[in-house]
Amino acid sequence: MKILEKIIKESISNNKYKRGIKEVKSNIKGWKLLILSNTVNSKDKRFIETQASQYNVPIYYLQENSVKLGRLFNKSYRISSVSLKNIQDEDIKELMQNQ
């Protein structure tokens, strides 16, 4: 979880992220990592997985709900999905190995 918190902190400081299912669905190409909470519905999840595999964007499945993801971003509301840019490739590899 520490590597995830590090990645999120860097993304917040660089302002290189989009949050929310609509934003993520419309902007998959060009992002380095997608984070999905376990509250994303199956239709949206299938669409995101298809698009992500097409553009070779890894998906990290957070085993927590959208409230926890919102708290990781210091928000008082729920966030079901996030797309991130400007992440070190080593950090992505480490995060995906710990999944």
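Begin the tour by selecting aspartate 44, which is buried, with a relative accessible area of 12%. The model on screen is a predicted one, and the stops below move from this residue to its partner, then to the other charged pairs, and finally to the packing around helix α1.

**Aspartate 44 and lysine 25**

With aspartate 44 still selected, add lysine 25, because the two side chains form a salt bridge whose closest N and O atoms are 2.9 Å apart. The pair links distant parts of the chain, since aspartate 44 belongs to helix α3 (residues 42–54) and lysine 25 to helix α2 (residues 21–26), with their positions 19 residues apart in the numbering. Lysine 25 has a relative accessible area of 31% and is therefore partly exposed, whereas its partner aspartate 44 is buried at 12%.

**The whole chain**

Before going on, zoom out to the full protein, in which there are five helices and four strands. Followed from the N terminus, these elements run α-β-α-β-α-β-α-β-α. The radius of gyration is 12 Å, close to the 13 Å that the globule rule gives for 99 residues, so the protein is as compact as a globular protein of that length. Along the principal axes, the C-alpha atoms fill a box of roughly 30 × 30 × 25 Å, and 38% of the 99 residues count as buried. If contacts with a separation of 6 or more are considered, 75% of them are accounted for by residues 24 or more positions apart.

**The other salt bridges**

How many salt bridges does the count come to? The count is three, and the general background is that side chains of opposite charge can pair when their charged atoms come close.

Select lysine 32 and aspartate 89 next, whose side chains meet in a salt bridge at 2.9 Å, N to O. Lysine 32 sits in the loop between α2 and β2 (33–36), while aspartate 89 is in helix α5, and the two are 57 residues apart. Lysine 32 counts as partly exposed at 29% relative accessibility, and aspartate 89 is likewise partly exposed, with a relative accessible area of 42%.

Then move to aspartate 91 and lysine 6, which form a salt bridge with their closest N and O atoms 3.2 Å apart. This pair also links distant parts of the chain, with aspartate 91 in helix α5 and lysine 6 in helix α1, 85 residues apart. Is aspartate 91 buried or exposed? Its relative accessible area is 6%, which is under the 20% limit, so aspartate 91 is buried. Lysine 6, by contrast, is partly exposed, with a relative accessible area of 38%.

**Where α1 meets α5**

Keep the last pair visible and display both helices, α1 (residues 2–14) and α5 (residues 89–97), whose axes come within 9 Å and cross at roughly 145°. The crossing of α1 and α5 is left-handed. On the α1 side the contact is made by Ile3, Leu4, Lys6, Ile7 and Glu10, and on the α5 side by Asp91, Glu94 and Leu95. By class, the residues of this contact divide into four nonpolar, no polar and four charged.

**Leucine 4, leucine 72 and serine 11**

Select leucine 4, which lies in helix α1 and counts as buried at 0% relative accessibility. Leaving aside neighbours within four places in sequence, leucine 4 is in contact with Ile35, Tyr60, Leu62, Leu72 and Leu95. Of these, tyrosine 60 is 56 residues away from leucine 4 in sequence and 9.5 Å away in space, C-alpha to C-alpha.

From there, step to leucine 72 in helix α4 (residues 66–72), a buried residue with a relative accessible area of 15%. Once neighbours within four places in sequence are left aside, the contacts of leucine 72 are Met1, Leu4, Glu5, Ile8, Ile12 and Leu62. The C-alpha atoms of leucine 72 and isoleucine 8 are separated by 7.4 Å, although the residues are 64 apart along the chain.

The last stop is serine 11, which is placed in helix α1 and counts as buried at 2% relative accessibility. Not counting residues up to four places away in sequence, serine 11 touches Lys16, Tyr17, Leu84, Lys85 and Ile87.

Technical notes:
Residues are numbered from 1 along each chain as its sequence is written. This is a predicted model: local features need pLDDT of at least 70, side-chain atom pairs count only at pLDDT 80 or more; totals for chains, interfaces and linings use all residues. Side-chain values use heavy atoms; hydrogens and water are left out. Axes are lines fitted to C-alpha atoms, for helices over the stretch in contact, and angles run from 0 to 180 degrees between N-to-C directions. A crossing is left-handed if the near helix is turned anticlockwise from the far one by less than a right angle, and right-handed if clockwise. Contact means heavy atoms within 4.5 Å. Ala, Val, Leu, Ile, Met, Phe, Trp, Tyr, Cys and Pro count as nonpolar, Asp, Glu, Lys and Arg as charged, and the others, Gly among them, as polar. A salt bridge is a side-chain nitrogen of Lys or Arg within 4 Å of a carboxyl oxygen of Asp or Glu. Buried means under 20% relative accessible area, exposed over 50%, partly exposed in between (1.4 Å probe, protein chains only). The radius of gyration is taken over C-alpha atoms; the globule rule is 2.2 Å times the number of residues to the power 0.38.
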